[in-house]
Amino acid sequence: MDCLFCKIVNGEIPNKTVYEDDRVLAFYDIDPKAPVHVLVIPKVHLSGAAAVTVDTAADVAHIFEVIPQIAKSLDLTDFRVVTNNGPDAGQTVGHLHFHILGGRVLGEMG
Ligand code: 5GP
Ligand code: ZN
């Protein structure tokens with residue numbers, strides 16, 4: 001499958017890893033929208049939030065299990081977690097990812 005984030009998981013494309021375990025990879029966004037901008041992805045390919053099912057919800061739950069320790073390792077107490085589903089919502093990579101944004105005062109969601 002021609003998926004950018006699967007290639008990152010497979011090591012075909014380099015990344016700056018922040019956290020990794022058997023199910024999750026977190027790495028710095030290549031084009032940061034905040035002083036701290038990290039992407040957290042399941043290693044299994046899911047096209048987006050709308051593709052999560054009962055069979056894959058545990059992977060998403062695990063992502064939220066590790067987000068607190070990722071945030072702590074980044075010295076973030078206040079941060080935003082967001083995912084975009086579909087082009088109209090701003091999704092540009094078709095592999096589920098959660099943005100962790102922080103390091104500045106974040107404005108209201110648009
Ligand atoms: P989306 O727009 O789909 O919600 O988020 C995709 C994110 O992936 C964007 O913030 C973009 O900067 C980031 N991104 C795109 N290509 C790469 C890449 O090759 N490496 C990394 N680290 N981030 C990427
Ligand atoms: Zn993928």
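## Contacts with ligand 1

An oxygen atom of ligand 1 stands 2.5 Å from an N or O atom in the side chain of aspartate 29, in a model that is predicted. Lysine 33 also takes part through its side chain, where a polar atom lies 3.2 Å from an oxygen atom of ligand 1. With threonine 92 it is the backbone that is involved, for one of its polar backbone atoms is 2.7 Å from an oxygen atom of ligand 1. Taken alone, ligand 1 would expose 520 Å², and the protein buries 86% of that area.

## The surrounding shell

Eighteen residues are found around ligand 1, and those that come nearest are Asp29, Asn84, Gly90, Thr92 and His99. Asp29 and Thr92 are thus among the nearest residues, and each also has a polar atom at a stated distance from an oxygen atom of ligand 1, 2.5 Å in the case of the aspartate 29 side chain and 2.7 Å in the case of the threonine 92 backbone. Sorted by class, the shell consists of eight nonpolar, seven polar and three charged residues.

Several elements of the chain contribute to this shell, since helix H1 (4-9), strand S2 (24-28) and strand S3 (36-42) each supply at least two of its residues. Helix H1 gives the most, with three residues. As for the site itself, the space that ligand 1 takes is the largest pocket.

## The chain as a whole

The chain contains two helices and five strands, and when it is read along the sequence these elements follow the pattern α-β-β-β-α-β-β. Helix H1, which spans 4-9, and strands S2 and S3, at 24-28 and 36-42, are the elements already named as suppliers of the shell around ligand 1.

In overall dimensions, the C-alpha trace spans about 35 × 30 × 25 Å along its principal axes. The radius of gyration of the chain is 13 Å, which agrees with the value near 13 Å that a compact globule of 110 residues would have.

Notes
Residues numbered from 1 in each chain as written. Chains lettered and ligands numbered in written order. Predicted model: local features only at pLDDT ≥ 70, side-chain atom pairs only at ≥ 80, totals over all residues. Heavy atoms only, no water. Near = heavy atom within 4 Å. Polar contact = N/O pair within 3.5 Å; in protein donor to acceptor, adjacent residues only side chain to side chain. Areas by Shrake-Rupley, 256 points an atom, 1.4 Å probe, with all protein chains shown as cover. 1 Å grid on protein atoms, 1.4 Å probe; cavity = no way out; pocket = protein on both sides within 12 Å on 5 of 7 lines; lining within 4 Å. Sits in = over half its atoms within 2 Å of the grid points. Helix = DSSP H or I, 4+ residues; strand = E, 2+ residues; numbered from the N terminus. Nonpolar A, V, L, I, M, F, W, Y, C, P; charged D, E, K, R; others polar. Rg over C-alpha atoms; globule rule 2.2 N^0.38 Å.
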